[in-house]
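Student: I should like to understand how the terms used for a protein structure are justified. May we examine one together?

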Amino acid sequence: MSKICVIGLGYIGLPTSIMFAKHGYEVHGMDVNENVIAMLQQKKLHIEEPGLLYSMIEAMDEGKLTVSTEPVKADIFVIAVPTPITDDKRANLEYVREGTKSIVPYVKKGDLVILESTVPPRTVEDVMRPILKETNLVLGEELYLAHSPERVIPGNIINELQSNDRIVGGIDETSGRLAKKLYESFVQGTIHLTDATTAEMVKVIENTFRDINIAFANELAVISEALGVNVWEAIKLANYHPRVNIHKPGPGVGGHCIAIDPWFLAEMQPEESKMIQLARVKNDAMPMYTVDRINDILKEYDDPKVALLGLSFKGNVDDMRESPALKVMEHMNDMNLSYKIFDPHIKDIRVPHQTETLDEALEQADMAVILTDHYQFSEYKPSEVGKAMCNKIVFDTKNCLDEMKWRQEGFDFIRLGDTKNR
Ligand code: SAJ
């Protein structure tokens, strides 16, 4: 049985380790974060992801998965570390460099190294290959190297790891073939073989496509408000066309992927990537636009109070990396608007003005603003929500509330991108 060492036990590394462990491999996961390792060793999760805890405990109890802060000797190394962005919008590849360096003493002849982290095209060739040369093994003959970008959606990772198609790009034919064989152990979708640089390119263009599409939807939302149109209705009707698929507008684009990866492409060719950069700027402007709308709606009120609902970057997850809600809060602070913020998926207090309960956030509020499409929000009873509030105004930036229900309870109902009935 082959042994796999996974470097980085975050949103991708941990679920992927578990999948390998459940499909015939002996897996050791390493993470430099001692707190993460301490939690995992106690069989507790440091991230929220449906179905993960049970599978992890099972894999650990069967002796198929171990974790520690150090790599171990293995036949296959899978690197799944973060690739954050610097202040000047360039990829910070420090974790990729460090992760690759950390395995050099453990790699032996015949091993396979796979990078799963999203990176600017050419990272495998220009950053990893030179580091792995320090093993004195000939790449492509004695040591194999490939990129297989993770493409799963948080909230549905376990399913998508199995059912999505997978892209595998080797630095040579054998590397690609070996990596493909590994993923065949659990991937039910098609595994497409290419070279490493194309695989890197595929991953960033997928997320860039989504970012540009969302920027278009956000632009349409702003235009619709000026025209007395409901953008959600217009997009829904346009999408009935067999060749149109416009995404959804909202208060901004967050997360560790869509809000970051387009810059990985833009940094390679700044002059040739104006459309990509403009989409980023458009999406980054949405939190401010949302706060301007809040301010405008409340302009008649004396010292109005706002209940912001939703802190995570998207619905039904607890991840608040690059969350538009954080930017909304910043702009609310700048404009001296009073607010509290509540998120049913984030129980511990992580930011100022955050409340532990919905009631605390709603107390004396003049307006409730939906920033994230958590399923809980669509189930709220308007009569209950209205009880604690001072004035009954609700502003839905995600189109996840039933307008009629809220209006029937006496709410003034406002939706982002919709001035049709106002
Ligand atoms: N959003 C919108 N409108 C939409 C869709 C999303 O405003 O129509 C917002 C969300 O609210 C959120 C942000 O965009 O703030 C990103 O959310 P997401 O659901 O689009 O994507 P992520 O970041 O959770 O996952 C993406 C996925 N990429 C694609 O769908 C092309 C996932 O498959 C990738 O694996 C992941 O990035 C990644 O790790 O790169």
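The dialogue below takes up one residue and then the sheet.

Tutor: This is a predicted model, in which local features need pLDDT of at least 70 and side-chain atom pairs count only at pLDDT 80 or more, while totals for chains, interfaces and linings use all residues. Residues are numbered from 1 along each chain as its sequence is written, and side-chain values use heavy atoms, with hydrogens and water left out.

Student: Why is K203 called buried or exposed?

Tutor: Buried means under 20% relative accessible area, exposed over 50%, and partly exposed in between (1.4 Å probe, protein chains only). K203 has 2% relative accessibility, so K203 counts as buried.

Student: Which residues does K203 touch?

Tutor: Contact means heavy atoms within 4.5 Å. Leaving aside residues up to four places away in sequence, K203 touches T118, P149, E150, R151 and D261.

Student: Where is K203 placed?

Tutor: K203 lies in helix α8, residues 196–227. Helices (H or I, at least four residues) and strands (E, at least two) are DSSP runs, numbered from the N terminus.

Student: What makes β3 and β8 edge strands?

Tutor: Two strands pair if DSSP finds at least two bridges between them. The open sheet has 8 strands in the order β3-β2-β1-β4-β5-β6-β7-β8, with mixed pairing. β3 (65–68) and β8 (191–195) each have a single partner strand, so one side of each is left without a neighbour in the sheet.

Student: How do you know that β4 pairs with β5?

Tutor: 4 bridges join β4 (residues 76–79) to β5 (residues 112–115), and the two strands run parallel. One bridge partner in β5 is L112, which faces I76 in this pairing.
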